[in-house]
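Q: I am new to this structure and should like to learn how its features are read. May we go through them one at a time?

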Amino acid sequence: MSILFVDSIQPKTTGGNVTITNQANAGKVLQVKQSFRTGTIATGDTSFVTSGVSVDIIPSTTSSRFLLRANIGGFYMEENDDIFATIYRGSTNLGVGTQSCFFVVHNDNAQNRYGSGSMEFLDEPKTTNQITYTIFFRTGNSTSVSLNVDSTGLFLTATEIGG
């Protein structure tokens with residue numbers, strides 16, 4: 001029995017686009033970076049502000065994807081308020097929906113609320129330039145909201161997956 005190895009494949013097409021990926025790295029974890037914060041951070045701003053938790057990473061290829069995971073530990077808000085959190089790539093908010101975010105909690109109770117949650121997103125930046133991913137957050141109505149109360153876990157992990 002003989003085995004034939006093919007180093008490259010040249011597709012024949014009659015139209016449309018054909019994408020050939022580097023099969024050696026497709027679906028493999030290429031690198032992982034994580035950032036976290038110690039201490040509580042608060043804002044009374046109704047526009048997104050940085051949490052100070054960011055990851056700088058340089059993609060290996062333009063076809064790489066980044067699985068972003070964020071833990072929002074120990075959030076705190078007063079009664080009748082909302083807290084929103086999202087992830088930015090540079091100055092671009094990756095959030096979705098009418099509030100442009102991945103995480104929202106509404107508190108219409110007559111008491112303050114503590115809790116935790118998470119965000120996850122698969123980003124395709126299509127570049128080999130350095131990227132900065134950052135957790136941003138805001139309040140819903142100008143009262144102060146806090147993240148990482150009692151240092152219970154505010155972190156962001158970026159995992160590069162070969163495309």
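Q: Is Lys126 buried or exposed?
A: This is a predicted model. Lys126 has a relative accessible area of 60%, and the cut-off for exposed is over 50%, so Lys126 counts as exposed.

Q: With which side chain does Lys126 meet in a salt bridge?
A: Side chains of opposite charge can pair when their charged atoms come close. Here the partner of Lys126 is Glu124, at 3.7 Å from N to O. Glu124 has 38% relative accessibility and is therefore partly exposed. Salt bridges with shared partners join Arg65, Glu124 and Lys126 into one network.

Q: How many salt bridges does the whole structure hold?
A: A search of the whole structure finds four. One of the salt bridges joins Arg69 to Glu120, with the closest N and O atoms 3.1 Å apart. Arg69 belongs to strand β4 and Glu120 to strand β8, so this pair ties together parts that lie 51 residues apart in sequence. As for accessibility, Arg69 is partly exposed at 41%, while Glu120 is exposed at 52%.

Q: Which side chain meets Asp123 in a salt bridge?
A: Arg89 does, with an N to O distance of 2.7 Å. Distant parts of the chain are linked by this pair, for Asp123 is in strand β8 and Arg89 in strand β5 (residues 81–89), 34 residues apart. Asp123 is buried, with 4% relative accessibility, whereas Arg89 is partly exposed, with 24%.

Q: How should I read strand β4, and why is it described as largely enclosed?
A: In a regular strand the side chains alternate between the two faces of the sheet. Strand β4 spans residues 65–77, and eleven of its 13 residues are buried, so the rest of the structure largely encloses it.

Q: Which strands pair with β4?
A: Strand β8 (residues 113–123) runs antiparallel to β4 and is joined to it by ten bridges; within this pairing, Leu67 has Leu122 as its bridge partner. Strand β11 (residues 154–161) also pairs with β4 in the antiparallel sense, over eight bridges, and there Ile72 is matched with Leu154. Strand β10 (residues 145–147) is antiparallel to β4 as well, with two bridges, and Ser146 is the bridge partner of Tyr76.

Q: How many aromatic pairs are there, and how is one of them arranged?
A: The count comes to six aromatic pairs. Among them is the pair of Tyr88 and Phe136, which is tilted, with 4.0 Å from centre to centre and 35 degrees between the planes. Tyr88 lies in strand β5 and Phe136 in strand β9 (residues 131–139), so the pair ties together parts 48 residues apart in sequence. Tyr88 is buried at 13% relative accessible area, and Phe136 is buried at 15%. Another pair is formed by Phe102 and Phe121, whose ring centres are 5.1 Å apart and whose planes stand at 40 degrees, so this pair is tilted. Phe102 is in the loop between β6 and β7, and Phe121 is in strand β8. Phe102 is partly exposed at 22%, and Phe121 is partly exposed at 23%.

Q: Which residues do ring pairs link into a cluster?
A: The cluster consists of Phe48, Tyr88 and Phe136.

Q: Over which rings does Arg138 lie?
A: Arg138 lies over the face of Phe48, 5.3 Å from the ring centre. The charged end of Arg138 also sits over the ring of Phe84, at 3.9 Å from its centre.

How values were computed: Residues numbered from 1 in each chain as written. Predicted model: local features only at pLDDT ≥ 70, side-chain atom pairs only at ≥ 80, totals over all residues. Heavy atoms only, no water. Buried < 20%, exposed > 50% of the residue type's maximum accessible area, 1.4 Å probe, protein only. Helix = DSSP H or I, 4+ residues; strand = E, 2+ residues; numbered from the N terminus. Pairing = 2+ DSSP bridges. Phe/Tyr/Trp six-rings, centres within 6.5 Å; stacked < 30°, edge-to-face > 60°. Lys NZ or Arg CZ within 6 Å of the ring centre and 35° of its normal.
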